[in-house]
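Reader: I am new to this structure and should be grateful for a close look at one part of it. Please describe how that part is put together, step by step.

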Amino acid sequence: MYDDVQAAIEGALAAGASYADARVVIATTESIDVQNQVVESVDRTETAGVGVRALIGSSWGFYATADLTDAAARRAGEMAARIAEASATVPGPEAVLADVPVLTDQYTTPHDEDPLAVSLSEKIDLLVDVTRTMQAVPGIGIARGNLTFWVTDKWFMSSQGHRIKQRLVESGGGYDATALGESETQRRSYPQSFGQFETGGYETVRRWDYAGNAGRIAEEAAALLGAPAVEEGEKQLILEGSQLGLQIHESVGHAIELDRILGWEAAFAGTSHLELETLHRHRYGSEVMNITADATLPGALGSFGYDDEGTPAQRVDIVKDGLWVGVLSGRDSAAIAGLPPGGMVRADGHNRLPMVRMTNVGLLPGAGTLDEIIADTTDGILMATNRSWSIDDKRLNFQFGCEIAWEIKKGKKGRMLRNPTYTGITPQFWGTMDRLAGEAELVHWGTPNCGKGQPMQVAHTGHSAAPARFAKVRVGVKA
Amino acid sequence: MSSLSDRLRLAESVLDRIGDTAEAEVRVAGGGSSLTRFANSFIHQNVGEEGDIVSLRMALDGRVASGTTSNIDPVRLDAFVAGTLERCRVQPVDPHWPGVATQDPGGGPVDHYDQATADADPTERAIRVASFVATGPGMRAAGYCQTSDAQIVFANSAGIRHEGRYTTAVLDGIHQTDRSAGSGHAASNRLEDIDAAAVGALAAQRAIDSADAYDVKPGGYEVVLSPECVATIGIFLTYYGFNGKFHNEGMSFVEHGANQFDRAVTLVDDAADPRAVGVGFDSEGTRRRRVKLIDAGTSRGMLHDRRTAAQAGAESTGHGTAGSEVLGPVPSALFLTGGDRSVESLIAEVDRGIYVATFNYCRVLDPKSMAVTGLTRNGTFMIENGRITGAVTGMRFTQSFLAALGPGNVLGVGDDARWADSEFGPLIVHAPSLRLGAWHFTGGTEA
């Protein structure tokens, strides 16, 4: 495969590129969906091709082809350079790449069981069984389960001499039960909304007790239909880990993307409320808040060996004792900001241009347990598992809905509540975080559906989080 | 691969590999897509791609599996077919498998193809970008210009064959000042229809007019919504409500024959409309039918693929897609009927309300009540005594989209219907501006 990669780079350089890199990517995705014990879909997608990136002046030109021949790869390189050249019609400042080590290496995701080698029958049986258990609970109309596995091989080279082979293995899934009411529905999911995904093999699925939680999840969904709704007001808010993971994703992870801060995503994904001039001075949250972007975390969904510019995976401090200290960056954006490149540029397949993406943006753990936080709460609400999410283009104003909540009164977990929502403004919200559970309850939650870019790209990101409490949050927003 | 006939031969070669072993559907989609992206008033990302994708669904005595590959090497295709067949063998029987389509009632040609758009090169897109950028001197422009050429064939084991092709062209962008932003959008199947200067001028004017925005108190307001906002309402109502799978499961709000909407609302899905893009058949080889979903306020139709139709005792409307087994059928080309009112006249009848240019990040809180939260973006203006009196900062809303178009709440329909950019993307919903009697804003963007 390196021959095709080399041909693509040579094509781009011959056509005038000052720098070029290319990736051959062969990606296999297996996905199984079961609803109410019926297999709805068993699908395997295999994509293969070469994508080449050429830099001329201020713009990247990128071209991809599924034709893995020397001639097609070379032509793709030429096309990438021709596209970059056309950008000079509307030119900008010349792009510069920050220096990174030029390496020859290979990396494979640590895993025990090749997920594609585990029999389909075993996977189907698992999902049929959990949907059967959920369907047996009165009031449950829809019981769904999914497993998805990705195995991705990449061969990367650059005109500077990089030569890196990677095999990334990602696995996961989950299930949900929906109770159907007259005028609304109630859903519960396990391990979290959209499932839990990690780097690793089928052993990651086995670690989650699918069978042991299906009955509880379905009973909670059915009970929610008759539960009182969360009333509007300001409360102490305790978030369970997976919801806190999504809160980090939306209100920290996207806001610290350097391409957004520089305005490169302004028209679509948006910009950021952060300004580079305030790095190391802007208070992001309370002193309990410590966030890192760490692509080296074993098992976390945003882990890899090298990003798609050939920069090694690394850990970067983002928020330290509540102070904003770092960004997510690539070679071009880091050069503009005068920061070291963070190795956070990835592409969704051979046919997409690499761009700044989250790795594992997560909270370092605090101390204590969720039970201790509850015992320490006088008038609060505990919310779990995301149901809806919305945030503005600067990543300031957010509103989240969760699947389930419980009233907390005088240190005791009380009534179940339905339709929980909460809303806030990013720095004020994080500024009220006053309790954060310890390492024993920390989970590397995975988000497999992070959309960004045009054409749209979907990235897999990780968000470590333990349960946390926020002192005063507006809850119960209704239509 | 260069032609539809080449692709049809490829599809038939896949069927030949299967022979009489199983029922099968093969879809080959190819062509090219290119997108020129700009930010800070210059082109910073410029991409193109080419390649064919072969999709296969097989049913072996009711045991169903599917696969997709971009590798059309003959040896690889042998393995692809064998692997899909092997996955069928280990399946339980699917009690809802409707079988492959066996009849094609025929129909007129659907060809939304423009050769000049298919042939557009990076320079032609860059020229549109330059034209957009030039309309906002002193401002920062960002957005994209995209063209694509799609060529799709379908073949199944029952002898059904289809060929189709279409092109798309989109220009979408914003102009930004230090304190504001304004948006513009145009889309068609022909690049020559895209008036980049007009799109840019609208974006620039909205940005200028938004420069001194102020906060307003959240609460209920009358609103005038641009086609972009209305398109998002239309796609949400269709995806979550007029979706045969969700309706069969009891997840949809749709009650057929009920006056769930204002009489001013008529919503039709029609792939054959000359203004549409897309091909005239779906992923199962069923010709797309014109479906009137809402008729003068009354819920009438439903989108079906073969599976949901069989369960509902109906016929497929030709809205199957890869993945509709799980997500349900999806619209192909939605048209919300336009009116005869200028946007200015819609605004003129509002005593106190808000004009919204774009929604952002809309998410459903509950599909049955269609409660949705989202934000306004790139142009939000106060209307007082029939005219726009100033800009307001972006606002969050939490609003039932069903109630928003409910009986008595649509107070005026604009004459400006066009392809608008919805939350799900461009070229899906053709919509006009609407004046609505009530809309629930629940917060500002910064407070």
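Author: The account that follows concerns one sheet of chain A. The model is a predicted one, in which local features need pLDDT of at least 70, side-chain atom pairs count only at pLDDT 80 or more, and totals for chains, interfaces and linings use all residues. Residues are numbered from 1 along each chain as its sequence is written, chains are lettered from A and ligands numbered from 1 in the order in which they are written, and side-chain values use heavy atoms, without hydrogens and water. As a whole, the model has an ipTM of 0.95 and a pTM of 0.97.

The sheet in chain A is open and consists of four strands (DSSP runs of E, at least two residues, numbered from the N terminus). Their order is 12-11-10-15, and they pair in antiparallel fashion. The edges are taken by strand 12 (323-324) and strand 15 (361-363) of chain A; each has a single partner strand, so one side of each lacks a neighbour in the sheet.

At one of these edges, strand 12 of chain A runs antiparallel to strand 11 (residues 315-320) of chain A, and two bridges join them; strands count as paired if DSSP finds at least two bridges between them. Here A:Lys320 is found opposite A:Leu323 of strand 12.

A helix (a DSSP run of H or I, at least four residues) accompanies the sheet. Helix 6 (residues 241-253) of chain A packs on the sheet and touches strand 10 (291-294), strand 11 and strand 15 of chain A, where contact means heavy atoms within 4.5 Å. The direction of helix 6 of chain A makes about 120 degrees with that of strand 15 of chain A (axes are lines fitted to C-alpha atoms, for helices over the stretch in contact, and angles run from 0 to 180 degrees between N-to-C directions).
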